Amino acid sequence: MLRKNIYQHLQDILGDVAIYPSEAPEDATLPAVAYSIISNIPGRKLSGASGEATARVQIDVESTDHAEIDTLAHTLTTSLHGYRGEIGDDLWGVVWQDNEIEKPKPYVDGSGRTRYMTSMDFMIHYCSRSA
């Protein structure tokens, strides 16, 4: 459910921006956002599973325009960092930004064009009520 709830929350934040799981396709309309769950570590207590987990989610923002990336990255940071609330069947206890890097992403078609990407890691501490 976490993947579905991340997608839903990104749609609420970004509106009409295209959102993809894992990676934006080469022919994606830009700007585009892709998200991946890098890790999802269940919490434990002495008696077993705690019902909580912490996930590292990577969100990549891609465009041919640096200003567009900066605007979207800022929107994501201000909307997600410190967020707490219910999303679908999940209760997100707290979200924090853990990393951000910028890098060029050359097109693979040999055109010499470049699109740019900012990659952001967010940690989501959550509890799923559907589990």
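Colleague: Let's start with Thr 118: is this residue buried or exposed?
Modeller: The classes rest on relative accessible area: buried is under 20%, exposed is over 50%, and partly exposed lies in between, for a 1.4 Å probe and protein chains only. Thr 118 has a relative accessibility of 2%. That value is under 20%, so Thr 118 counts as buried.

Colleague: Good to know; which pLDDT is asked of side-chain atom pairs here?
Modeller: Residues are numbered from 1 along each chain as its sequence is written, and side-chain values use heavy atoms, with hydrogens and water left out. This is a predicted model, in which totals for chains, interfaces and linings use all residues, local features need pLDDT (the predictor's confidence in each residue, from 0 to 100) of at least 70, and side-chain atom pairs count only at pLDDT 80 or more.

Colleague: Where is confidence highest in the protein chain?
Modeller: Across the protein chain the mean pLDDT is 89, and 91% of the residues reach 70 or more. Helices (DSSP H or I, at least four residues) and strands (E, at least two) are DSSP runs, numbered from the N terminus. Strand β3 (residues 48–63) has the lowest confidence, with a mean of 89, whereas the highest, 97, belongs to strand β1 (residues 18–21).

Colleague: In what order do the elements run from the N terminus on?
Modeller: The protein chain has 2 helices and 6 strands. Read from the N terminus, their order is α-β-β-β-α-β-β-β.

Colleague: Back to Thr 118: which residues does it touch, leaving out those up to four places away in sequence?
Modeller: Thr 118 lies in strand β6. A contact means heavy atoms within 4.5 Å. With residues up to four places away not counted, Thr 118 touches Ile 59, Asp 60, Val 61, Ile 69, Ala 73, Glu 100, Ile 101 and Glu 102.

Colleague: I like aromatic pairs; what geometry class does the one between Tyr 7 and Tyr 35 have?
Modeller: Rings of Phe, Tyr and Trp (its six-membered ring) pair if their centres lie within 6.5 Å; planes under 30 degrees apart count as stacked, over 60 as edge-to-face, and the rest as tilted. The search of the whole structure finds 2 such pairs. For Tyr 7 and Tyr 35 the centres are 6.3 Å apart and the planes meet at 45°, which makes the pair tilted.

Colleague: How many residues apart in sequence are the parts that this pair ties together?
Modeller: Tyr 7 counts as partly exposed, at 30% relative accessibility, while Tyr 35 counts as buried, at 4%. Tyr 7 sits in helix α1 (residues 2–14) and Tyr 35 in strand β2 (residues 32–45), so the separation of the parts tied together is 28 residues.

Colleague: And what class is the pair of Tyr 83 and Trp 92?
Modeller: Tyr 83 is partly exposed at 21% relative accessibility, and Trp 92 is buried at 2%. Their ring centres are 6.1 Å apart, with 90° between the planes, so the pair is edge-to-face.

Colleague: Trp 92 makes me curious about cavities; which element gives the largest share of the lining of the largest one?
Modeller: A cavity is a set of points, on a 1 Å grid over the protein atoms alone, where a 1.4 Å probe fits but cannot get out; lining residues have an atom within 4 Å of a point. The count comes to 1 cavity of 30 Å³ or more, and the lining of the largest is formed by Ile 6, His 9, Leu 10, Val 57, Ile 59, Leu 80, Trp 92, Phe 122 and Ile 124. Elements giving two or more residues to this lining are α1, β3 and β6 (114–128). The largest share, 3 residues, is from α1.

Colleague: How far apart in space are Gly 51 and Trp 92, C-alpha to C-alpha?
Modeller: Gly 51 is in strand β3 and is partly exposed, with a relative accessible area of 43%. In sequence, Gly 51 and Trp 92 are 41 residues apart, and their C-alpha to C-alpha distance is 12 Å.

Colleague: One last backbone check: which peptide bond is cis, with omega near 5°?
Modeller: Most residues other than glycine have a negative phi, and most peptide bonds are trans. The loop between β1 and β2 holds Ser 22, whose phi is positive, near 70°. Pro 31 is in the loop between β1 and β2 too, and the cis bond runs from Leu 30 to Pro 31.

Definitions and conventions
On a 1 Å grid over the protein atoms alone, a cavity is a set of points where a 1.4 Å probe fits but cannot get out, and a pocket is an open set with protein on both sides within 12 Å along at least five of seven lines; lining residues have an atom within 4 Å of a point. Grid points are joined across faces, edges and corners, and a volume is the space filled by probe spheres set on the points.
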